[in-house]
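Dear colleague,

I am handing over the structure that you will be working with from here on. Please open it alongside this message, and read the notes below with the model in view.

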Amino acid sequence: MNMMSEATLEKAVDQKMNAVPHKMIGKDVSVYYGEKRALFDVNLNIRENTVTALIGPSGCGKSTFLRTLNRMNDTIDHCKVTGKITLDGGDIYDPSIDVVELRARVGMVFQKPNPFPKSIYENVTYGPKIHGLARTKAELDAIVEQSLQKAGLWNEVKDRLHESGTGLSGGQQQRLCIARAVAVSPEVILMDEPCSALDPIATAKVEELIHELRANYTIVIVTHSMQQAARVSQRTAMFHLGNLVEENDTDKMFTNPDDQRTQDYIMGRFG
Ligand SMILES: Nc1ncnc2c1ncn2[C@@H]1O[C@H](COP(=O)(O)OP(=O)(O)OP(=O)(O)O)[C@@H](O)[C@H]1O
């Protein structure tokens, strides 16, 4: 009988994982806020159709790294990014890049649900209108339904699309923000602690959604919850004091990490 040794099997699985293409590549990424350096030469690749969790103690640079992936740091005056970040091989910091277009390709969901003070319908159609993705009311209607379906919200709101988005519960608002991100057909969705303002039931819904969205999108999520990272991600990257300490398959990261600092953080010894 041809039995594969454990090591060979592990290698085969590893090769399979490594075969997943890199949607985004971060090379020697450093970020400075004025004189303060927040990230030190981070090399991190984001795999396609994979959920990558960014973990680490408070202030270690997780959100800073996340924001480099769609140039949200551009909105901070004294912030400077060095190194190179590519999306499908193209340099996203190239001066010829249209940042509005980039942020449509690499969407973002924030910590606190932040729907516009407009109707549910308008929250979803805002982006598609700006990007000229729909010409007729029927096309907009279709985008609204599809986006709300993908965000797992359609059944709850289909009869009140013209009521205010801010009148929804916190969990529904966050799913509306996910629908809003999805409406412009992004390729990558960045999530900065998307469940930190939600109760356990709303959190479970968003986690389930993240699981479903992975089939069509590449997802990067910052989370303080080790359980959440373990539940939703396939890859995990651990940051400490602005350095990327370790990046690994999530299963390995939480059972047998390579770096002592990861072990200590996961065991709650610091942070
Ligand atoms: N706008 C800013 N101006 C100046 N310094 C900043 C700014 N944003 C972040 N920093 C600093 O950069 C470092 C990394 O912050 P960042 O928010 O990326 O960490 P984090 O790991 O996401 O933290 P947390 O888990 O607490 O959200 C911290 O020292 C923080 O004080």
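The protein, which is given here as a predicted model, contains 11 helices and 10 strands. Its radius of gyration is 19 Å, close to the 18 Å that the globule rule gives for 271 residues, so the protein is as compact as a globular protein of that length. Along the principal axes, the C-alpha atoms fill a box of roughly 55 × 55 × 35 Å.

Of the 271 residues, 48% count as buried, and the surface that the protein exposes comes to about 13500 Å², with carbon and sulfur atoms supplying 50% of that area. Among the contacts with a separation of 6 or more, 66% are made by residues 24 or more positions apart. As for charge, there are 31 positive and 35 negative side chains, and the centres of these two sets lie 2 Å apart.

The UniProt record, an unreviewed entry, carries the annotation "domain: ABC transporter" for residues 24-266. In the model this span is 37% helix and 27% strand, and its end C-alpha atoms lie 26 Å apart.

A good place to begin looking is helix α4, which runs over residues 120-130 and whose buried residues are Ile120, Tyr121, Asn123, Val124, Thr125, Gly127 and Pro128. The cover over these buried residues includes α5 (137-150), α6 (154-157) and α7 (170-182). After α4 comes glycine 132, which has a positive phi near 60°.

On the other side of the helix in sequence, serine 119 is found in the loop between β6 (106-109) and α4. Serine 119 counts as buried because its relative accessibility is 8%, which falls under the 20% limit. Apart from neighbours within four places in sequence, serine 119 is in contact with Leu161, His162, Glu163, Ser164 and Gly165.

Valine 184 also leads back to α4, since its contacts, not counting residues up to four places away in sequence, are Ala104, Gly127, Pro128, His131 and Leu133, and of these Gly127 and Pro128 are listed among the buried residues of the helix. Valine 184 itself lies in the loop between α7 and β7 (188-192), and with a relative accessibility of 14% it counts as buried. Valine 184 and glutamate 101 are 83 residues apart in sequence, while their C-alpha atoms are 9.9 Å apart in space.

Another buried position is alanine 202, which sits in helix α8 (residues 200-213) and has a relative accessibility of 12%. From alanine 202 to glycine 170 there are 32 residues in sequence and 7.9 Å in space, C-alpha to C-alpha.

Finally, two residues other than glycine deserve a look for their backbone angles. Aspartate 28 has a positive phi near 50°; this residue is found in strand β1 (residues 22-33), and it is partly exposed, with a relative accessible area of 33%. Leucine 241 likewise has a positive phi near 50°, but its place is in the loop between β9 (235-240) and β10 (243-249). Leucine 241 counts as exposed because its relative accessibility is 61%, and the limit for that class is over 50%.

With kind regards

Terms used. Residues numbered from 1 in each chain as written. Predicted model: local features only at pLDDT ≥ 70, side-chain atom pairs only at ≥ 80, totals over all residues. Heavy atoms only, no water. Helix = DSSP H or I, 4+ residues; strand = E, 2+ residues; numbered from the N terminus. Rg over C-alpha atoms; globule rule 2.2 N^0.38 Å. Buried < 20%, exposed > 50% of the residue type's maximum accessible area, 1.4 Å probe, protein only. Contact = heavy atoms within 4.5 Å. Areas by Shrake-Rupley, 256 points an atom, 1.4 Å probe, with all protein chains shown as cover. Lys, Arg positive; Asp, Glu negative; His and termini not counted. Charge placed at Lys NZ, Arg CZ, Asp CG, Glu CD. UniProt positions renumbered as here; feature names shortened; annotations may be inferred.
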